[in-house]
Amino acid sequence: MRRRERFTIPGKYILFVLTVLCVGTMSLSFLTNFDGGALNVISGYVLIPVQNGINQAGGWIRSRVENLEDLTAVKEENEQLRAQIAELTLENNSMLQERYELNELRSLYELDDEYSSLEKIAANVIGKDTGNWFHMFLIDKGSNDGVRVDMNVIAGGGLVGIVTKTGPDWAQVRSIIDDMSNVSAMILKNSDLCYVRGDLQMMTEGTMQLNELRDPDGEVEPGDKVVTSHVSAKYHKGILIGYVNEITTDANNLTKSGSLTPAVDFEHLSTVLVITDLKQQIDMDKPDEE
């Protein structure tokens with residue numbers, strides 16, 4: 001059976017027809033002014049609303065793009081400000097630390113001048129026992145630096161404690177607030193003798209024990225200075241310990257007891273002075289000192 005051939009229109013004819021239509025439409029528009037009437041009406045109802053919609057959409061998109069650009073700029077500025085704040089905070093902390101260290105050094109310098117007759121070396125606190133108080137701590141000077149057991153340690157205007165152990169480049173210090181500490185002391189204004197004992201429980205109120213005070217004339221009162229005594233076995237004479245806080249007469253009516261406020265801030269210790277001159281040891285029948 002013979003196959004039917006498919007009917008096709010040559011491309012040149014299609015192009016010719018479209019050309020004629022275009023020319024005819026242009027001629028009709030010029031001759032009848034059709035574009036000024038009907039076309040304008042049609043465009044008014046169709047093209048103009050579309051154009052307005054496109055303009056509005058374009059304006060909305062443009063405003064969003066501008067907002068995003070502004071937001072990006074604000075974020076970048078915010079990051080820069082955060083970086084500046086962080087840098088200024090670090091600088092401020094560094095300045096505060098330097099000022100604190102300067103005050104510490106000034107305090108040690110004044111303390112060194114006050115006890116100028118005694119040889120001393122400065123040391124940094126590098127470790128401590130648990131808790132809020134520096135009742136037992138380590139310093140960065142040891143036997144290689146001439147530090148020995150029973151050397152006195154001072155800071156902040158007064159007595160801190162005594163060296164109990166040493167290593168080549170470290171030493172352990174027991175402060176006077178430790179429960180095991182017992183210091184022979186006296187009232188500065190009249191040299192009445194007493195003992196100052198450590199008590200960590202009392203330190204929660206910022207005080208220590210003041211015991212066995214012999215005050216026959218009743219001269220001792222709150223605020224009086226308490227210093228290490230001339231009969232102390234391990235501590236040099238005249239080192240400030242603290243100030244009388246309160247005092248009461250004991251049951252034996254011979255001695256008095258009370259509390260003392262230490263001169264040193266035992267909650268914040270960073271640098272100390274070790275007195276390298278040892279007190280001359282004398283064996284006597286009296287309570288052990290440490």
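1. Two strands count as paired if DSSP finds at least two bridges between them. Strand β1 (residues 120-128) and strand β2 (residues 136-139) meet that criterion, being antiparallel and joined by three bridges. Within this pairing, Lys-128 of β1 stands opposite Phe-137 in β2. The model is a predicted one, and the points below should be read with that in mind.

2. Overall make-up. The protein chain contains three helices and twelve strands. Of its 290 residues, 32% are buried. The exposed area of the chain is about 19000 Å², and carbon and sulfur atoms account for 55% of that area. Counting contacts between residues at least 6 apart in sequence, 59% join residues at least 24 apart.

3. The barrel. Six strands form a closed barrel in the order β1-β2-β5-β4-β3-β12, and the pairing is antiparallel. From one strand to the next, the twist averages 45°. The β1 and β2 pairing in the opening point, with its three bridges, belongs to this barrel.

4. Cover on β6. Strand β6 spans residues 182-187, and six of its six residues are buried. In a regular strand, side chains alternate between the two faces of the sheet. For β6, one side carries Asn-182, Ser-184 and Met-186, and the other carries Val-183, Ala-185 and Ile-187; both faces are covered, with all of these residues buried.

5. Partners of β6. Which strands does β6 pair with? One is β7 (residues 193-197), which runs antiparallel to β6 and is joined to it by five bridges. Val-183 has Val-196 as its bridge partner in β7. The other is β9 (residues 225-228), also antiparallel to β6, with three bridges. There, Ala-185 stands opposite Thr-228.

6. The β6 and β7 hairpin. Five residues lie between the two strands, and Ser-191 takes a positive phi near 65°. A reader checking backbone torsions may look for Ser-191 here.

7. Nonpolar core. In soluble globular proteins, nonpolar side chains tend to be buried together. The largest nonpolar core in this model has 47 residues, and the members that touch the most other members are Ile-176, Val-226, Ile-241, Phe-266 and Leu-269. Val-226 falls within the residue range of β9.

8. Surroundings of Phe-266. What does Phe-266 touch, leaving aside residues up to four places away in sequence? Its contacts are Asn-132, Trp-133, Phe-134, Leu-159, Val-160, Ser-175, Ile-176, Ile-177 and Met-203. Among them, Ile-176 is also listed with Phe-266 as one of the core members touching the most others.

How values were computed:
Residues are numbered from 1 along each chain as its sequence is written. This is a predicted model: local features need pLDDT of at least 70, side-chain atom pairs count only at pLDDT 80 or more; totals for chains, interfaces and linings use all residues. Side-chain values use heavy atoms; hydrogens and water are left out. Buried means under 20% relative accessible area, exposed over 50%, partly exposed in between (1.4 Å probe, protein chains only). Helices (H or I, at least four residues) and strands (E, at least two) are DSSP runs, numbered from the N terminus. Contact means heavy atoms within 4.5 Å. Accessible areas come from the Shrake-Rupley method with a 1.4 Å probe; for residues, only the protein chains shown count as cover. Axes are lines fitted to C-alpha atoms, for helices over the stretch in contact, and angles run from 0 to 180 degrees between N-to-C directions. A nonpolar core is a set of buried Ala, Val, Leu, Ile, Met, Phe, Trp, Tyr and Cys residues joined through side-chain atoms within 4.5 Å.
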